[in-house]
Every structure is written in C-alpha cells, then in structure tokens.
Amino acid sequence: MRLVLVGPPGSGKGTQAERLVKHFGLTAIGTGAMFRDAIGRDTAMGRQVKPMMDQGLLVPDPIVNDVVAELFRSAVKPERFVLDGYPRTYSQAIAFDALRTQEHLPLTAVIDLDIADEEVVRRISGRRCCSNPACGACFHSAARPPKAPGTCDLCGTPLIVRDDDLEETIRRRLGEFHKNTDALLDHYRKLNLVRDIDATQTPDVIFANILKALGQ
Ligand SMILES: [Zn+2]
C-alpha cells in the first residue's frame with residue numbers, strides 16, 4: 001500500500017492519515033516533520049530551510065524533492081507509506097514519479113479529500129480556541145460550542161480566534177492550495193490513480209469510504 005493524501009486545510013487530512021497508518025501499518029511521511037527534524041539536528045539542509053519555515057514560506061520544490069529523494073534512497077527507505085503534504089505541486093509530482101520509477105515504488109492511489117471552499121471557511125472560521133497557552137482547547141461556534149459563550153470549558157479562560165483561523169487567512173491558503181494542487185490532481189487523474197472522497201462526512205464515514213475506494 002503506497003498512498004498520497006491530498007486535501008485542503010480543514011479537510012481532516014491529518015486524521016485520515018493517522019487512521020491509514022494504524023490500519024495498514026504504513027509509514028507516515030510528511031515533509032514538514034522532515035524539515036523540523038533536519039532543523040533540530042542542525043544539518044546543512046536544516047539551516048537552509050529554517051528561515052523559510054520561520055517566516056511561514058513554502059520551501060522551494062527542488063529542496064523538497066531532494067529531502068524526499070534522500071529518504072527513499074536511504075537505508076530506512078519506506079516500502080509502504082502514506083504521504084501527507086507531498087507532492088504538493090505538479091513539478092514535485094513529476095520529480096516524485098521519476099524517483100518512484102528508479103526505486104520501483106508504484107503508487108496504489110492518490111486519495112483526494114474533496115470539500116468545497118465555502119465549507120472549509122465555515123468549518124475553520126467558527127473555531128474559537130483557549131487563549132491560555134497551557135490549555136489550548138478549541139471549540140466551534142456551531143459544531144462544538146462552549147458551555148458559556150466565549151469562555152473555555154476546561155479552564156475558564158477567554159476564547160480567541162487564532163490568526164490561522166481568520167477567514168482571510170483561510171481564503172489565502174485555499175487559493176494557494178488550488179493553484180498548486182489542481183494541476184497535480186489532473187496529472188494523477190491521467191494515470192488513473194485518483195480516488196475522490198467526500199470529505200464533508202464524519203471521520204468514520206470518510207475512512208470507510210477510503211477503504212472501499214481502495215478495494216479493502
Ligand atoms: Zn482553556
């Protein structure tokens with residue numbers, strides 16, 4: 001089983017990645033974690049990407065491709081995996097295709113978690129999180145309202161809207177997502193690898209539909 005998971009912020013991608021890892025015993029591969037690890041170990045690559053990560057910028061494709069290629073050519077090369085956040089662009093997909101061919105790692109499927117932008121905005125912009133950094137509990141004005149409006153159920157601290165959850169931030173990230181991902185999905189569609197999954201369902205239903213789409 002070798003999967004690529006694609007979905008916008010707010011699609012529940014992280015949750016489904018975790019379930020796939022547990023269910024199939026896969027290795028989870030995320031480039032964000034790989035970069036944080038390189039920064040933590042203070043490698044040459046870590047020093048190169050740290051300023052970009054600190055500023056919230058996307059790391060350029062050639063660097064991302066290199067770090068993935070290094071992993072798949074290493075002694076700990078994963079044979080069965082779920083990729084979350086890579087490939088993110090068409091050019092990354094082309095580089096990854098070449099690497100997979102060299103390393104004899106055909107993909108099983110590309111899971112596309114499909115959700116309308118307006119639904120993502122509705123989901124994320126309703127988030128209210130505890131302003132106490134030691135707590136950080138999050139609520140949702142519609143899906144999971146706190147008992148007292150504007151106050152954390154757990155510690156009584158006022159709830160705030162985080163910068164990441166502002167509507168303008170969400171719309172900007174969705175714009176970036178579509179700009180990068182639409183061409184990537186077209187590419188994988190031509191290879192008949194894409195399985196479209198309705199991501200507006202509950203996590204349990206989404207996971208069951210993924211298993212069905214994989215013929216499991
Ligand atoms: Zn709290």
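1. A word on terms before the cysteines: a residue is buried under 20% relative accessible area, exposed over 50%, and partly exposed in between, using a 1.4 Å probe and protein chains only. With that in hand, Cys 138 counts as partly exposed because its relative accessibility is 25%. Please keep in mind that this is a predicted model, where local features need pLDDT of at least 70, side-chain atom pairs count only at pLDDT 80 or more, and totals for chains, interfaces and linings use all residues. Residues are numbered from 1 along each chain as its sequence is written, and side-chain values use heavy atoms, with hydrogens and water left out.

2. Now the disulfide, meaning a pair of cysteine sulfur atoms within 2.5 Å. The structure holds 1 of them, and it joins Cys 138 to Cys 129 with an S to S distance of 2.0 Å. The torsion about this S-S bond is about 110°, so the disulfide is right-handed. Unlike its partner, which is partly exposed at 25%, Cys 129 is buried, with a relative accessible area of 2%.

3. Next, the zinc ion. The SG atoms of Cys 130, Cys 135, Cys 152 and Cys 155 coordinate the metal at 2.3 to 2.4 Å. Donors here are N, O and S atoms within 2.8 Å of the metal (3.2 Å for Na, K and Ca); water is not among the atoms, so sites may look incomplete. Along the chain, the zinc donors follow the spacing C-x4-C-x16-C-x2-C.

4. What arrangement do the 4 donor atoms around the zinc ion make? They subtend angles of 97 to 115°, which makes the arrangement tetrahedral; four donors earn that label if all angles lie between 85 and 135 degrees. For reference, the ideal angle for four tetrahedral donors is 109.5 degrees.

5. Two of the zinc ligands deserve a look together. Cys 135 sits in the loop between strand S5 (127–130) and strand S6 (138–140), while Cys 152 lies 17 residues away in the loop between S6 and strand S7 (159–160), and the pair links distant parts of the chain. Strands are DSSP runs of E with at least two residues, numbered from the N terminus. Cys 135 is partly exposed at 29%, whereas Cys 152 is buried at 3%.

6. Finally, strand S4 (residues 109–114), where 5 of the 6 residues are buried. S4 pairs in the parallel sense with strand S1 (residues 2–6) over 4 bridges; pairing requires that DSSP finds at least two bridges between the strands. Leu 3 has Ala 109 as its bridge partner in S4. S4 also runs parallel to strand S8 (residues 194–198), joined by 5 bridges, and Asp 112 has Asp 196 as its bridge partner in S8.

Methods
Four donors count as tetrahedral if all angles lie between 85 and 135 degrees; four count as square planar and six as octahedral if opposite donors are over 155 degrees apart and all others between 65 and 115; anything else is irregular.
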